Amino acid sequence: MAQRIRTLVLLIEILFLVSCVTHITTVAADNDGDVIHVAGKVMCQDCSLNYDEWINGSEPIKGAVVSITCMDERRRVRYYGSDKTDERGQFDLIVNKVLYGGKDLKPQLCNVRLVSSPDQSCNIPTNFGNGQTGVKLVRPFMVFKDLVKYVVGPFYYTTPMCETPKFENKY
């Protein structure tokens, strides 16, 4: 019985510490630096490959466009920006935290999503990694001095052959 109580107390202490660290990280992200960085990767995945190749064979897409849309508490767009991926399929959106009019941007009200792919053989957006519907910025990946960085994705496009057909109900 005493062992169970010690285990329960230890578990409660761990949960408390995790909660404190999460709160400190979020507060630090809200207060440090004038910009936030949002990084990620955009890849092409071909569904016609066998399972091993499909899982491990994704290729980066150069020139894919990823956007960020930030709202205010009244659900109005306060910021919109986009970035193209490099030859490794990576993007780094840099967003000013102080908006026009002196208002502060709240990262948790921002959404990052796929916009377009220049690769005609791989330009169907998928929702793997929520690239099609978008990812909310919840918790920063890194907070260090003036650097606040979020990491999302990877996001994926697929080939037109892999697109799910859309059926209309005519009844």
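Visitor: Among contacts in the chain between residues at least 6 apart in sequence, what percentage join residues at least 24 apart?

Guide: A contact means heavy atoms within 4.5 Å, and among the contacts in question 67% join residues at least 24 apart. This is a predicted model, in which local features need pLDDT of at least 70 and side-chain atom pairs count only at pLDDT 80 or more, while totals for chains, interfaces and linings use all residues. Residues are numbered from 1 along each chain as its sequence is written, and side-chain values use heavy atoms, with hydrogens and water left out.

Visitor: How many helices and strands does the chain have, and in what order do they run?

Guide: Helices (H or I, at least four residues) and strands (E, at least two) are DSSP runs numbered from the N terminus. Here the chain has 2 helices and 11 strands, and from the N terminus on the elements run α-β-α-β-β-β-β-β-β-β-β-β-β.

Visitor: Is leucine 105 buried or exposed?

Guide: Buried means under 20% relative accessible area, exposed over 50%, and partly exposed in between, with a 1.4 Å probe and protein chains only. Leucine 105 counts as buried because its relative accessibility is 5%, and this residue is found in the loop between strand E5 (90-96) and strand E6 (110-116). Not counting residues up to four places away in sequence, leucine 105 touches residues including Ile36, Cys70, Tyr79 and Val95; leucine 105 and isoleucine 36 are 69 residues apart in sequence and 9.7 Å apart in space, C-alpha to C-alpha.

Visitor: Which backbone values deserve a second look?

Guide: Most residues other than glycine have a negative phi, and most peptide bonds are trans. Arginine 75, although not a glycine, has a positive phi of about 65°; this arginine is found in the loop between strand E3 (65-71) and strand E4 (77-84), and arginine 75 counts as exposed because its relative accessibility is 66%. Asparagine 130 also has a positive phi, near 60°, and is found in the loop between strand E7 (124-125) and strand E8 (135-136), where asparagine 130 counts as partly exposed at 38% relative accessibility. The peptide bond from glycine 153 to proline 154 is cis, with omega near 10°, and proline 154 lies in the loop between strand E10 (147-151) and strand E11 (155-158).

Visitor: What share of the chain do buried residues make up?

Guide: Buried residues make up 30% of the 171 residues in the chain, and leucine 105 counts as one of the buried residues.
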